[in-house]
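Visitor: I am new to this structure and should be grateful for a close look at a single part of it. Please choose one strand and explain how it sits among its surroundings.

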Amino acid sequence: MKELKFKTNIDCQGCVNAVTPFLNKIPGIKTWSVDTNNPNKILTIQSLGATEEDIINIVKKAGFTIQKN
């Protein structure tokens, strides 16, 4: 398993709720979480095969900004 971290603008529970269906569609993600208390709003992914590109594309599709941490 690989841990991936990204800076995002997912900054509240409403944003987390909005991105949830998108992230849950990606095969190869074991778990994910967003630290909304961190100024960089860090998205942490426990990946079982999902790539950084997969995650970046789906978060952008959900309407949020994301960059590799």
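Guide: What follows is an account of one strand, β3, and of the parts of the chain around it. The model is a predicted one.

Strand β3 comprises residues 42-47. It is mostly covered, for 6 of its 6 residues are buried. In a regular strand the side chains alternate between the two faces of the sheet. In β3 both of these faces are covered: I42, T44 and Q46 are buried on one side, and L43, I45 and S47 are buried on the other.

β3 has a paired strand in β1, and another in β2. With β1, which covers residues 2-8, β3 runs antiparallel, and 6 bridges join the two. Within that pairing, K5 stands opposite T44. With β2, which covers residues 29-35, β3 is likewise joined by 6 bridges in the antiparallel sense. Here I29 has S47 as its bridge partner. β1 also pairs with β4, again antiparallel, over 3 bridges. In that pairing T8 stands opposite I66 of β4.

The approach to β3 deserves attention. β2 and β3 form a hairpin with 6 residues between the strands, and K41 lies in this loop. K41 has a positive phi of about 50 degrees although it is not a glycine. Is K41 buried or exposed? K41 counts as buried because its relative accessibility is 18%, and the limit for that term is under 20%. Beyond its neighbours up to four places away in sequence, K41 touches F6, K7, T8, I10, D11, V34, D35 and T36. One of these, T8, is 33 residues from K41 along the chain, yet their C-alpha atoms are separated by 5.3 Å.

At the other end of the strand is S47. The relative accessible area of S47 is 4%, and S47 is therefore buried. The side chain of S47 reaches the backbone oxygen of A50 at 2.7 Å. Neighbours within four places in sequence set aside, S47 is in contact with M1, K2, L4 and G28.

Two members of β3 also lead into the interior. In soluble globular proteins, nonpolar side chains tend to be buried together. The largest nonpolar core of this model has 21 residues, and those touching the most other members are L23, W32, L43, I45, I55 and V59. Two or more residues of this core come from each of β1, α1, β2, β3 and α2.

Helix α2, at residues 52-61, has I55, I56, I58 and V59 as its buried residues. An α-helix has 3.6 residues a turn, so residues three or four places apart point the same way. The buried residues of α2 pack against β3, and also against β1, α1, β2 and β4. V59 gives a particular case: leaving out residues up to four places away in sequence, V59 touches L43 of the strand under discussion, together with I10, V19, L23, F64, T65 and I66. After α2 comes G63, whose phi is positive, near 100 degrees.

Some details away from the strand complete the picture. P27 is found in the loop between α1 and β2. P27 is exposed, since its relative accessible area is 68%. Between P27 and E52 there are 13 Å in space, C-alpha to C-alpha, for a separation of 25 residues in sequence. K25 lies over the face of F22, at 5.8 Å from the ring centre. As for pairs of aromatic rings, a search of the whole structure finds 0.

In summary, β3 is a strand covered on both faces, joined by bridges to β1 and to β2, and packed against by the buried residues of α2.

Key: Residues are numbered from 1 along each chain as its sequence is written. This is a predicted model: local features need pLDDT of at least 70, side-chain atom pairs count only at pLDDT 80 or more; totals for chains, interfaces and linings use all residues. Side-chain values use heavy atoms; hydrogens and water are left out. Helices (H or I, at least four residues) and strands (E, at least two) are DSSP runs, numbered from the N terminus. Buried means under 20% relative accessible area, exposed over 50%, partly exposed in between (1.4 Å probe, protein chains only). A polar contact is a pair of N or O atoms within 3.5 Å; within protein, one must be able to donate a hydrogen and the other to accept it, and residues adjacent in sequence count only if both atoms are side-chain atoms. Contact means heavy atoms within 4.5 Å. Rings of Phe, Tyr and Trp (its six-membered ring) pair if their centres lie within 6.5 Å; planes under 30 degrees apart count as stacked, over 60 as edge-to-face and the rest as tilted. A charge sits over a ring if NZ of Lys or CZ of Arg is within 6 Å of the ring centre and within 35 degrees of the ring normal. Two strands pair if DSSP finds at least two bridges between them. A nonpolar core is a set of buried Ala, Val, Leu, Ile, Met, Phe, Trp, Tyr and Cys residues joined through side-chain atoms within 4.5 Å.
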